[in-house]
Amino acid sequence: QVQLVESGGGLVQAGGSLRLSCAPSGRTFGSYAMGWFRQAPGKEREFVASITWSEGSTGYADSAKGRFTISRDNVKNTVYLQMDSLKPEDTAVYYCASKRTAVSKYNTWGQGTQVTVSS
């Protein structure tokens, strides 16, 4: 069974940067696009950014625009989320996810990585 493994979370001061990585473990899987989501304590999970494997087309939540950059390495099958100018409100567990087609839901999820931004 394919699993997604996130890494790169941690504790950082406001204004700092972190880069998250997400890669599949197990057998090679078919994926159309990857997404990053986050969930803060007491809040619902929310979309952060997405990218398609073939064209590299990206999408961002308003909260991420101008500060976060999603990218992918098709050789390494790895997706990254570069987070700059971090704010305390970015504190959350960050999850990566995969979907098979443009219209399908994200159906493969990682275990999450904690990002904590101190003020």
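This passage describes strand pairing and the surroundings of two residues, Ser50 and Pro24, in a predicted model.

The description begins with strand 3, which spans residues 18-25 and pairs with strand 1, residues 3-7, in the antiparallel sense over 5 bridges. Within this pairing, the residue that stands opposite Val5 is Ala23 of strand 3. Strand 3 also pairs in the antiparallel sense with strand 8, which covers residues 78-83, and here again 5 bridges are found. In this second pairing, Arg19 stands opposite Gln82, a residue of strand 8. Strand 3 is thus paired with strand 1 and with strand 8.

Pro24 is likewise part of strand 3, and its relative accessibility of 22% places Pro24 in the partly exposed class, because buried residues are those under 20%. Although Pro24 and Thr108 are 84 residues apart along the chain, their C-alpha atoms are separated by 9.8 Å.

A further residue considered here is Ser50, which is located in strand 5, a strand made up of residues 46-52. The relative accessible area of Ser50 is 16%, and Ser50 is therefore counted as buried, the limit for that class being under 20%. When the neighbours within four places in sequence are set aside, the contacts of Ser50 are with Met34, Gly35, Ser57, Thr58, Gly59, Ile70 and Tyr106. Taken together, the accessibility values describe Ser50 as buried and Pro24 as partly exposed.

Conventions:
Residues are numbered from 1 along each chain as its sequence is written. This is a predicted model: local features need pLDDT of at least 70, side-chain atom pairs count only at pLDDT 80 or more; totals for chains, interfaces and linings use all residues. Side-chain values use heavy atoms; hydrogens and water are left out. Helices (H or I, at least four residues) and strands (E, at least two) are DSSP runs, numbered from the N terminus. Buried means under 20% relative accessible area, exposed over 50%, partly exposed in between (1.4 Å probe, protein chains only). Contact means heavy atoms within 4.5 Å. Two strands pair if DSSP finds at least two bridges between them.
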